[in-house]
Amino acid sequence: MTSSFPFSPTRNYGLPSCMVSNHHASDGFSFGQGQPSFPKNKKSRELNIVSVATDLPMVVQSPLWKEVAQEQKLAAWTSIRQEQWEGELCVNGEIPQWLNGTYLRNGPGLWHIGDYNFRHLFDGYATLVGLHFQNGHLMMGHRQIESDAYKAARKSNKLCYREFSEVPKHDNFLAYIGDLANLFSGASLTDNANTGVVQLGDGRVVCLTETIKGSIVIDPSNLDTLGKFEYSDSLGGLVHSAHPIVTQSEFLTLLPDLLNPGYLVARMEPGTNERKVIGRVDCRGGPSPGWVHSFPVTEHYVIVPEMPLRYCAQNLLRAEPTPLYKFEWHPESKAFMHVMCKASGKLVASVEVPLFVTFHFINAYEETDEDGRVIGVVADCCEHNADTTILDNLRLQNLRSWSGEDVLPDARVGRFKIPFDGSSNGELVDALNPDEHGRGMDMCSINPAYLGKKYRYAYACGAQRPCNFPNTLTKIDLEKKKAKNWYDEGAVPSEPFFVARPGATKEDDGVVISMISDKNGEGYALILDASTFEEIARAKFPYGLPYGLHGCWVPKC
Ligand SMILES: CC(=O)/C=C/C=C(C)/C=C/C1=C(C)CCCC1(C)C
Ligand SMILES: CC(/C=C/C=O)=C\C=C\C=O
Ligand SMILES: [Fe+2]
């Protein structure tokens, strides 16, 4: 399938969506009263979620979509309404002329097959959204990632692979046994790459999730699925950290070893598909490795977190989800932070730390004494006060049925201090008073030039209470221990993503991009000045988009 996204200088594009009237929209694209209309001549493909034909009718509105819309207006928790769309958006305000490139955002945007509804936010089939900025103009496009899991579901109209919480139903006992065997080989695990997207040092753009097979290469110019990212090494394993550390010169990943509890730290050079092991960390607690959704690095070290929320073999085998899904909370197994030298693979520190729960590390850096010797590392994360309930809070039913109570569990910027003096314990403290950001904290980004280095600013989603989900964009000043919050009543913003101004010397010289689901069921791209944290531009989408998780910036070459 070809696509005209993003701008092509040789093509003509229709008017930006704000300049197209409902009259134009009646040539095939109309969603009735109160619904946004599409601009003419834009590519769109209605997502027929009842049948699975490839050539889908254009304007059939799914009964499921209506049902969900009545319950909750937010598009954030509603399946994407069609497979793809692209077009120019009308910009209110001014996009800086220097902002040239594409912001890609990945996330689970389709939460049903036929009339079967998925349960958890993380189950949805991956929806990629691209915002292409050029000379103050903005094009938007979205497409479904053509994973095997997604294609099989469309073809057979049923769940075919194990997702985060969903397990395919078995017709008989033999099929169940076969599925268990396939679980061990990984064949029944999903490749639904719905968590993040990264650009490797060699330019390839890869969508990722927690399963290794769910690494999928896409074309950032048209959001086409190009194929699997096949690792050419023989490291094996089924799962990895959904957030590798990716720079121009390397790709660092953690591979939990579920059989012999520990983690492999591996590195891949740009231009290759081969991960090479830097070293291994044995778990100090048991019975299995802690969940590693992400991990931090400093300039010279890789930090391996061992969280007491651990993978659970029994829960992996279950057909029905438990409140902690494939994981289990083991406070008795304690929590640890291990620090490995990137160059030698040797462990330089391994300390017990207070119990913690985190999905996302923000950044880490080395602390030195007056002679420049490294005396320890500091690692910051979005920490859920050692409370696992956040995982179950992300069930779609909870997200969709909010009736005004303050049900978002408290979170903070947790700061680990890991000494290199042989101490057996490290500290975990609040990096700032969590009331600064409403005691909500997740979905963070930093200026990538400060990765692994002492830094001052982080951008994340905080909370304005009452709420059931992080609902502010928050700029955190870790030096002044202050936060500045952006809020649109009733809206859900996605991860604030920092893009530096070319040539910038100040850490917060750039913009922050987020996509917002607003209380009317619509949505818009928002651009904030990262320094003042004030809005500089927004651009309305043709319709609200589902919540997205993580993104990356692909600069214009
Ligand atoms: C979207 C997100 O943040 C996390 C997604 C996690 C997924 C898809 C996890 C999948 C898994 C399986 C399908 C079986 C093995 C365990 C586990 C990695 C949790
Ligand atoms: C959206 C989320 C947590 C919100 C909590 O306040 C976590 C997403 C994790 C996966 O990327
Ligand atoms: Fe994540």
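**Two loop residues and a ligand site**

Glu507 is buried, because its relative accessible area is 10% and the limit for that class is under 20%. This value, like the others discussed here, was computed from a predicted model. Glu507 is found in the loop that joins β31 (497-500) to β32 (510-517). Leaving aside residues up to four places away in sequence, Glu507 touches Asn447, Tyr450, Tyr455, Arg456, Tyr457 and Phe498. One of these partners, Tyr457, is 50 residues from Glu507 in sequence, yet the C-alpha atoms of the two are 7.4 Å apart in space.

A second loop residue may now be considered. Gln248 lies between β13 (245-246) and β14 (251-257), in the loop that links these strands. Is Gln248 buried or exposed? Gln248 counts as exposed, because its relative accessibility is 65% and the exposed class begins over 50%. When residues up to four places away in sequence are not counted, Gln248 touches Gly201 and Pro270. Gln248 and Gly203 are separated by 45 residues in sequence, and their C-alpha atoms by 8.9 Å in space.

The description turns finally to the ligand. Around ligand 1 there are 15 residues, of which Arg162, Thr195, Glu210, His293 and Leu316 come nearest. Ligand 1 taken alone exposes 500 Å², and the protein buries 98% of that area. The shell of residues around ligand 1 comprises 7 nonpolar, 4 polar and 4 charged members. Which pocket corresponds to the space taken by ligand 1? That space is the second largest pocket.

Conventions: Residues are numbered from 1 along each chain as its sequence is written. Chains are lettered from A and ligands numbered from 1 in the order in which they are written. This is a predicted model: local features need pLDDT of at least 70, side-chain atom pairs count only at pLDDT 80 or more; totals for chains, interfaces and linings use all residues. Side-chain values use heavy atoms; hydrogens and water are left out. A residue is near a molecule or strand if one of its heavy atoms lies within 4 Å of it. Accessible areas come from the Shrake-Rupley method with a 1.4 Å probe; for residues, only the protein chains shown count as cover. On a 1 Å grid over the protein atoms alone, a cavity is a set of points where a 1.4 Å probe fits but cannot get out, and a pocket is an open set with protein on both sides within 12 Å along at least five of seven lines; lining residues have an atom within 4 Å of a point. A molecule sits in a cavity or pocket if more than half of its atoms lie within 2 Å of its grid points. Ala, Val, Leu, Ile, Met, Phe, Trp, Tyr, Cys and Pro count as nonpolar, Asp, Glu, Lys and Arg as charged, and the others, Gly among them, as polar. Helices (H or I, at least four residues) and strands (E, at least two) are DSSP runs, numbered from the N terminus. Buried means under 20% relative accessible area, exposed over 50%, partly exposed in between (1.4 Å probe, protein chains only). Contact means heavy atoms within 4.5 Å.
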